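Trainee: Got a few minutes to go through this one with me? I'd like to start with the pockets.

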Amino acid sequence: MTEPLVVLKDVNKHFGDLHVLQDINLQIGKGEVVVVIGPSGSGKSTLCRTINRLETFESGTITIDGKPLPEEGKELAQLRADVGMVFQSFNLFAHKTILDNVTLGPVKVRGQGKKDAEKRAMELLERVGVAQQAQKYPAQLSGGQQQRVAIARSLAMDPKVMLFDEPTSALDPEMINEVLDVMVGLAKEGMTMVVVTHEMGFARKAANRVVFMADGQIVEEAQPETFFTAPRSDRAKDFLGKIL
Ligand code: ADP
Ligand code: MG
């Protein structure tokens with residue numbers, strides 16, 4: 001592996017009695033693309049949210065680029081900018097234009113000037129194929145377009161790593177590929193990515209590693225080809241039998 005960018009050591013988290021993350025050990029190298037897969041309720045979203053400090057955890061350590069996750073304040077805002085997150089439900093600001101959605105973070109958190117932020121935003125919107133929509137509002141765009149805006153918005157912060165939590169599962173089938181294509185492009189350009197998805201095509205094309213989670217644990221890790229053709233654990237075999 002290249003130099004590790006995200007390192008989780010013995011991370012444990014509970015929701016009440018539920019031990020949702022159990023001794024999670026995971027290293028993500030710079031430029032590495034890790035696909036996280038597993039049954040519903042296994043803790044995949046919680047894992048992403050914990051890395052982005054949207055959730056707290058009780059024991060263990062998480063470092064990004066060698067630095068532990070900050071607790072609060074300015075450092076936390078900085079962390080959220082360094083760790084981009086794209087959710088299933090686009091989460092754009094409904095009452096702001098597409099352009100404003102993309103410039104808001106760079107201006108408010110990164111302290112960029114408005115003109116510079118707009119120039120860069122337009123480049124990013126161009127790159128994800130929605131530059132024509134810059135002056136519209138989110139509700140005027142298709143789901144696939146909104147999700148591409150959400151990706152552009154994250155990229156505008158120049159994140160060190162991008163987390164994607166089932167970015168295509170709320171989309172109509174014909175829009176899935178337009179979002180996956182953008183993600184494959186990012187992967188090829190060397191973005192460090194953690195992607196929760198059941199899209200095997202994406203995993204095969206773009207992932208360096210598949211991490212299989214079940215019941216709050218990492219059960220298995222392998223290269224995509226190996227994982228999909230020769231899973232080792234019964235849990236993984238069972239899961240793949242259901243989705244393939
Ligand atoms: P996945 O993304 O793999 O489907 P999640 O991380 O969303 O799994 O959830 C893992 C488990 O934690 C599930 O049993 C879920 O019900 C529970 N859970 C998730 N968020 C919360 C929360 N905020 N409070 C209590 N339980 C939660
Ligand atoms: Mg989830």
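Mentor: Happy to, and a definition comes first: on a 1 Å grid over the protein atoms alone, a pocket is an open set of points where a 1.4 Å probe fits, with protein on both sides within 12 Å along at least five of seven lines, whereas a cavity is a set from which the probe cannot get out; lining residues have an atom within 4 Å of a point. Grid points are joined across faces, edges and corners, and a volume is the space filled by probe spheres set on the points. This is a predicted model, where local features need pLDDT of at least 70, side-chain atom pairs count only at pLDDT 80 or more, and totals for chains, interfaces and linings use all residues. Residues are numbered from 1 along each chain as its sequence is written, chains are lettered from A and ligands numbered from 1 in the order in which they are written, and side-chain values use heavy atoms, with hydrogens and water left out.

Trainee: OK, how much space lies in the second largest pocket?

Mentor: About 150 Å³. Its lining residues include Ile64, Lys67, Pro68 and Glu75.

Trainee: Which elements give two or more residues to that lining?

Mentor: β5 and α2 do, and the largest share, 4 residues, comes from α2. Helices (H or I, at least four residues) and strands (E, at least two) are DSSP runs, numbered from the N terminus.

Trainee: And how does that lining divide by class?

Mentor: The second largest pocket has 4 nonpolar, 1 polar and 5 charged residues in its lining. Ala, Val, Leu, Ile, Met, Phe, Trp, Tyr, Cys and Pro count as nonpolar, Asp, Glu, Lys and Arg as charged, and the others, Gly among them, as polar.

Trainee: What about the largest pocket, what volume does it have?

Mentor: About 500 Å³. It is lined by 23 residues, and Arg80, Met85, Phe87, Arg153 and Ser154 lie nearest its centre. The lining divides into 15 nonpolar, 6 polar and 2 charged residues.

Trainee: Back to β5 for a second. Where does it sit in its sheet?

Mentor: The open sheet has 4 strands in the order β2-β1-β4-β5, with antiparallel pairing. β5 (67-68) is an edge strand, as is β2 (18-29), and each pairs on one side only. β4 (residues 59-64) pairs with β5 over 2 bridges; strands pair if DSSP finds at least two bridges between them. Isoleucine 64 stands opposite lysine 67 in β5.

Trainee: New topic: how many aromatic pairs are there?

Mentor: The structure holds 3. Rings of Phe, Tyr and Trp (its six-membered ring) pair if their centres lie within 6.5 Å; planes under 30 degrees apart count as stacked, over 60 as edge-to-face and the rest as tilted. One of the pairs is phenylalanine 212 with phenylalanine 227, with centres 5.8 Å apart and planes at 35°, so this pair is tilted. Phenylalanine 212 lies in strand β9 and phenylalanine 227 in helix α8, so the pair ties together parts that are 15 residues apart in sequence.

Trainee: Is phenylalanine 227 buried or exposed?

Mentor: Buried, at 0% relative accessibility. Buried means under 20% relative accessible area, exposed over 50%, and partly exposed in between (1.4 Å probe, protein chains only). The rings of phenylalanine 227 and phenylalanine 228 are 5.5 Å apart between centres with planes at 75°, so that pair is edge-to-face. Phe212, Phe227, Phe228 and Phe239 form one aromatic cluster.
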